[in-house]
Amino acid sequence: MFDVLVVGAGSAGSVIAARASENPDCQVLLVEAGPDYPDLSKTPFDLTNGHNNSYRAHDWGLDYEPVPGRQVAFPRGRVTGGSSAVNTTIALRGMPEDYDEWAEQGNPEWRWENVLPAFQRLERDLDFGSEPYHGDSGPISIRRYPRNQLLPQHAAFLESAQGLGYPLCEDANEPWGWGAGPHPLNKLGRLRISCAVGYLSPARVRDNLEIRPDTFVRRLVIEVGRCVGVEVEDAQGKVAEIRARLVVLSAGAIMSPAILMRSGIGPRRQLENLGIDVQADTPGVGANLSDHPALAVVCQARDASLIDFDQPLMQTILRYTAEGSDKRNDLQIEQLSFAGRPERPAAFAIASVLEYQHGRGELRLASADPHRPPVIDNRFCEDERDVARLVRCLKDTLAFTDSGPLADLIEAVTFPDPARGKDEDALAGLCRRFAGSGYHPCGTAKMGPTDDPLAVVDQFGCAHGVDQLVVADASIMPGVPRANTNLTCIMVGEMVGEWLRTGPGRYGL
Ligand SMILES: Cc1cc2nc3c(=O)[nH]c(=O)nc-3n(C[C@H](O)[C@H](O)[C@H](O)COP(=O)(O)OP(=O)(O)OC[C@H]3O[C@@H](n4cnc5c(N)ncnc54)[C@H](O)[C@@H]3O)c2cc1C
């Protein structure tokens with residue numbers, strides 16, 4: 001019998017297991033479907049290589065539908081470290097207003113002044129650690145490329161941004177800042193500092209923490225309204241039950257709602273149609289899917305030698321506010337060092353990303369079979385406010401290709417096709433057809449008070465309607481923050497982990 005059983009060793013789950021096991025009297029089990037690599041020297045290159053994403057070797061092989069009728073691969077990490085172990089290492093915080101918005105929706109514990117200490121605790125900022133809003137001794141090292149290490153396309157991007165009137169911003173995590181500058185990245189040299197590296201490596205020596213990899217959670221075990229453990233399947237297909245006093249579900253914004261639904265927690269009609277016994281009729285499970293719709297302007301490089309797939313993919317970023325918008329920094333433009341494939345004409349890309357999304361998608365179970373992936377409908381650009389601002393962002397991105405230092409590096413823009421025009425309607429049509437995910441799904445088991453019809457958990461992560469069950473990962477966020485989501489997921493892990501460590505009574509422990 002474990003005290004705390006954490007499902008999923010990702011950005012949030014690793015942190016919760018590490019923080020909860022700081023209490024030597026708390027027996028913690030961390031269960032992960034993917035493999036575990038305790039020894040960094042024997043960890044596969046795709047996981048240590050922070051220069052680029054790992055898309056296939058440690059992935060769930062999911063698909064999603066960004067807009068109706070288009071199926072696209074949807075990467076999610078399947079390994080200790082979760083998606084933090086396969087991602088681009090962009091280490092951005094959301095806007096303070098994002099967390100204040102969560103608080104205003106009935107979750108006062110998450111206001112900016114409360115989450116700031118968690119952001120500080122998680123990081124070791126090697127450039128700005130002495131600033132009052134940063135941390136300098138946390139498990140996740142963060143740094144920025146100095147100017148003399150920028151690739152030509154990134155140096156040109158910053159110069160062009162200045163030419164276009166954007167201010168320079170040396171620290172994109174300065175809470176009130178905006179403009180163009182170096183990306184904060186959680187890597188040291190080339191090494192990706194995932195949550196497996198930053199949090200699990202030092203914690204795994206503890207006697208009271210067991211990490212069980214290659215263990216797939218089929219469903220939660222619920223007895224008379226109380227979660228008492230999980231049903232797991234090992235790599236040989238053997239099914240067993242593991243019991244715990246508290247289960248923390250941290251399987252991410254796609255798999256956490258899927259596990260909840262398979263366990264009978266979700267929208268009644270959907271569950272009954274699949275022959276699943278309803279334990280709690282919770283309409284918000286799988287609803288409220290929030291993400292960052294994005295498009296990339298693809299540019300053929302004038303000098304092919306500029307493009308090297310072995311270089312860092314990301315180095316620079318522009319955070320800014322759409323004209324007339326009341327949501328600060330609701331747009332992002334990111335320079336990508338390379339695009340396409342090495343055998344294709346040498347190209348780089350500039351991504352246009354909508355950071356504050358009004359629209360919502362949904363996720364549904366296709367079957368009660370735990371091995372059938374859920375259906376993911378993002379429904380991007382159905383909300384006209386989203387279309388208008390993504391079009392604005394695309395226009396602003398295209399301005400980088402018209403003239404200036406970055407334009408000088410471009411032979412031709414290959415997407416969007418210049419022959420099709422750049423007027424509002426043409427660009428809106430492109431957004432509606434081609435917007436894709438920034439790989440930042442959130443909100444599918446959102447937190448909120450019981451009078452919020454879509455709330456699945458309370459502000460401490462405790463499930464409404466089922467005892468001894470906590471959900472803590474990207475799925476509990478009421479909406480996607482205005483930043484790439486890894487740091488916010490780690491912050492969620494820090495908040496819940498700290499509550500577990502310092503106030504176990506709240507969780508019935
Ligand atoms: C390719 C890619 C690039 C990205 N780039 C960035 C970036 O540069 N910066 C940024 O901020 N964000 C980035 N993100 C997003 C960010 O990494 C995620 O938002 C964040 O890691 C999600 O954290 P999480 O804890 O919610 O879920 P995850 O980290 O995905 O963790 C979920 C864990 O649960 C496990 N799991 C799931 N189902 C089961 C089951 N049934 N049984 C057992 N275990 C299970 C999974 O294997 C996984 O380890 C990227 C994501 C991807 C996929």
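Biologist: Where is Pro 416 found?
Modeller: Pro 416 is in the loop between strand S22 (410-415) and helix H10 (424-434). Keep in mind that this is a predicted model.

Biologist: Which form does the peptide bond from Phe 415 to Pro 416 take, cis or trans?
Modeller: That bond is cis. Its omega is near -5 degrees.

Biologist: On to backbone angles. What is phi of Asn 329 near?
Modeller: Phi is near 50 degrees there, a positive value in a residue other than glycine. Asn 329 sits in the loop between S17 and strand S18 (331-336).

Biologist: Is Asn 329 buried or exposed?
Modeller: Buried. Its relative accessibility is 1%, and the cut-off for buried is under 20%.

Biologist: And Cys 381, what is its phi?
Modeller: Cys 381 has a positive phi of about 60 degrees, although it is not a glycine. You'll find Cys 381 in the loop between strand S21 (375-377) and helix H9 (384-402). Cys 381 counts as buried, at 5% relative accessibility.

Biologist: Let's talk ligand. How many residues surround the ligand?
Modeller: The ligand is surrounded by 37 residues. The closest are Ser 11, Glu 32, Ser 83, Thr 485 and Asn 486.

Biologist: How do the residues of that shell divide into nonpolar, polar and charged?
Modeller: There are 15 nonpolar residues, 18 polar ones and four charged ones in the shell.

Biologist: What lies 2.8 Å from an oxygen atom of the ligand?
Modeller: An N or O atom in the side chain of Ser 83. Trp 60 also places a polar side-chain atom 3.1 Å from an oxygen atom of the ligand. Thr 88 has a polar side-chain atom 3.1 Å from a nitrogen atom of the ligand.

Biologist: How much of the ligand's accessible area does the protein cover?
Modeller: The protein covers 99% of it. On its own, the ligand has 1,000 Å² of accessible area.

Biologist: Which elements give two or more residues to the shell?
Modeller: Those are S11, helix H7 (252-262) and helix H11 (486-502).

Biologist: Now rings. How many aromatic pairs does the structure hold?
Modeller: The structure holds 16 aromatic pairs. One of them joins Trp 60, from the ligand contacts, to Phe 216. That pair is tilted, at 6.2 Å centre to centre and 50 degrees between the planes.

Biologist: Why does the pair tie together parts that are 156 residues apart in sequence?
Modeller: Because Trp 60 lies in the loop between helix H2 (45-48) and strand S3 (62-64), while Phe 216 lies in strand S11 (residues 215-223). Phe 216 is buried, with 10% relative accessible area.

Biologist: What kind of pair do Tyr 166 and Tyr 320 form?
Modeller: An edge-to-face pair. The centres are 5.4 Å apart, with 65 degrees between the planes. This pair links distant parts of the chain, 154 residues apart. Tyr 166 is in the loop between helix H5 (152-163) and strand S7 (179-182), and Tyr 320 is in strand S17 (residues 314-320). Both tyrosines, Tyr 166 and Tyr 320, are buried.

Biologist: Which residues do ring pairs link into a cluster?
Modeller: Tyr 99, Trp 102, Trp 110, Trp 112, Phe 119, Phe 460 and Trp 499. Phe 460 also has Arg 506 over its face, at 3.8 Å from the ring centre.

Biologist: What sits over the ring of Tyr 145?
Modeller: The charged end of Arg 143, 4.7 Å from the ring's centre.

Biologist: Next door, then. Where does Arg 144 lie, and what does its side chain contact?
Modeller: Arg 144 lies in the loop between strand S6 (140-142) and H5. Its side chain makes a polar contact of 2.8 Å with the side chain of Asp 125. Arg 144 is buried, at 6% relative accessible area.

Biologist: Which side chains make polar contacts with Asp 36?
Modeller: The side chain of Thr 80 does so at 2.7 Å. The side chain of Arg 204 does so at 2.9 Å. Asp 36 counts as buried, with 16% relative accessibility, and lies in the loop between strand S2 (28-31) and H2.

Biologist: Last one. How many residues of helix H1 are buried?
Modeller: Eight of its eight residues. Among them are Gly 13, Ile 16 and Arg 19.

Conventions. Residues numbered from 1 in each chain as written. Predicted model: local features only at pLDDT ≥ 70, side-chain atom pairs only at ≥ 80, totals over all residues. Heavy atoms only, no water. Phe/Tyr/Trp six-rings, centres within 6.5 Å; stacked < 30°, edge-to-face > 60°. Helix = DSSP H or I, 4+ residues; strand = E, 2+ residues; numbered from the N terminus. Buried < 20%, exposed > 50% of the residue type's maximum accessible area, 1.4 Å probe, protein only. Lys NZ or Arg CZ within 6 Å of the ring centre and 35° of its normal. Near = heavy atom within 4 Å. Polar contact = N/O pair within 3.5 Å; in protein donor to acceptor, adjacent residues only side chain to side chain. Areas by Shrake-Rupley, 256 points an atom, 1.4 Å probe, with all protein chains shown as cover. Nonpolar A, V, L, I, M, F, W, Y, C, P; charged D, E, K, R; others polar.
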